[in-house]
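Visitor: I'm new to reading protein models. Could you walk me through this one, question by question?

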Amino acid sequence: MNFTVPGNELTLKEACELFGALINRVKKKEGFIDWIHTTYCEGEECAKPVFVVDSINKLREIADHIKTKIPEGSVRSEKIIWPSSGHDADCGEKNTVHVDCFLYDDHALQEMINAGKLKRRFCVDCGSRNIKDLNFISHSLAHCQLEFIFTQLVPLKSQAEGFNVLDIGSRLGAVIYAASLYGCGKVSVTGVEQNEEFVKLQEEVIRDFSLQNVEVVCADVRAQPDLVSKADLIIMNNVFSFFMEAEEQ
């Protein structure tokens, strides 16, 4: 791999261009970015604790594993109800693309667009230039969001044993896996999911990756008052919009 460096010193613009060219050729961009952070970030306070780095890496392994099972991040038995009001009312089957951000980060999304696997726009009147941007949605939290929630917002490692985390509508299981890992197996984690296919997937991941103190319950949370009452932290990520009729919400 050869890079032409203009002179002995680089301007900021030249350095940014070279860095951009390099990172676009890296297969595992997330790992490369983590290496840059841990190698060149100044000050010990910038370095992430070992348990956080280990959790990040394990979650990526889990995401890669799930992609081999459910590459589109959804299953046929999942029923999507397009919102008719509120913030997501502009989303519909024709103008919306679901890209699960636990499975695919922004770099992966851009790579799929560059490869022609995804499009950013659609034609309102077929054949014309009257085009609009597609809506991109995700029903999962991204890795950086999970890390922030469980290491900064509510640091699970510092919670007392027996601290209960409940994820309502756990789908692929991103939240419960992250809670188990960032909590170092000390906290009790429960996911509630109605879709049996998703429940089976989560049970397999919990078993195959030896996640500690975590379970998934196949049920409607409205029929599980005990789980709700004993929870110290409840996560509800997009459990109403797209999944429930308006009158149920």
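Guide: What follows is a short round of questions and answers about this model.

Guide: First, the ground rules: this is a predicted model, where local features need pLDDT of at least 70, side-chain atom pairs count only at pLDDT 80 or more, and totals for chains, interfaces and linings use all residues. Residues are numbered from 1 along each chain as its sequence is written, and side-chain values use heavy atoms, with hydrogens and water left out.

Visitor: How many helices and strands are there in the protein?
Guide: Helices (H or I, at least four residues) and strands (E, at least two) are DSSP runs, numbered from the N terminus. Counted that way, the protein has 8 helices and 8 strands.

Visitor: What share of the residues is buried?
Guide: Buried means under 20% relative accessible area, exposed means over 50%, and partly exposed is in between (1.4 Å probe, protein chains only). Of the 249 residues in the protein, the buried ones make up 40%.

Visitor: Which strands stand at the edges of the open sheet?
Guide: Two strands pair if DSSP finds at least two bridges between them. This open sheet has 4 strands in the order 7-6-5-8, with parallel pairing. Each edge strand has a single partner strand, so one side of it is left without a neighbour in the sheet; the two are strand 7 (214-218) and strand 8 (233-235).

Visitor: What is the bridge partner of Ile 168 in strand 6?
Guide: Strand 5 (residues 164-168) and strand 6 (residues 188-193) run parallel and are joined by 5 bridges. Strand 6 is mostly covered, with 5 of its 6 residues buried. Within strand 6, Ile 168 has as its bridge partner Val 192.

Visitor: And Ser 188, which residues does it touch?
Guide: Ser 188 has its place in strand 6, and its C-alpha atom is separated by 6.1 Å from that of Val 165, 23 residues apart along the chain. Contact means heavy atoms within 4.5 Å. Leaving out residues up to four places away in sequence, Ser 188 touches Phe 163, Asn 164, Val 165 and Asn 213.

Visitor: Is Asn 213 buried, partly exposed or exposed?
Guide: You'll find Asn 213 in the loop between helix 7 and strand 7. It has a positive phi of about 60° although it is not a glycine. With a relative accessible area of 39%, Asn 213 is partly exposed.

Visitor: Which strands does helix 7 lie across?
Guide: Axes are lines fitted to C-alpha atoms, for helices over the stretch in contact, and angles run from 0 to 180 degrees between N-to-C directions. Helix 7 runs at about 165° to strand 7. The strands that helix 7 lies across are strand 6 and strand 7.

Visitor: How is helix 3 oriented to helix 7, parallel, antiparallel, perpendicular or oblique?
Guide: Angles under 35 degrees count as roughly parallel, over 145 as roughly antiparallel, 65 to 115 as roughly perpendicular and the rest as oblique. Helix 3 (residues 50-69) and helix 7 (residues 196-208) pack at an angle of about 135°, with their axes 11 Å apart. That makes helix 3, relative to helix 7, oblique.

Visitor: Which residues of helix 7 do the helix 3 residues meet?
Guide: On the helix 3 side, the residues are Ile 62, His 65, Ile 66 and Lys 69. Their counterparts in helix 7 are Leu 201, Glu 204, Val 205 and Asp 208.

Visitor: What about helix 3 and helix 6, parallel or antiparallel?
Guide: Helix 3 and helix 6 (residues 174-182) pack at an angle of about 155°, with their axes 9 Å apart. Helix 3 and helix 6 are therefore roughly antiparallel.

Visitor: Which residues of helix 6 make that contact with helix 3?
Guide: Helix 3 brings several residues, including Phe 51, Val 52, Leu 59 and Ile 62. From helix 6 come Tyr 177, Ala 178, Leu 181 and Tyr 182.

Visitor: Last one: is Arg 76 buried or exposed?
Guide: Arg 76 is found in the loop between helix 3 and strand 1 (96-98). Arg 76 and Glu 197 are 121 residues apart in sequence and 9.3 Å apart in space, C-alpha to C-alpha. With a relative accessible area of 88%, Arg 76 is exposed.
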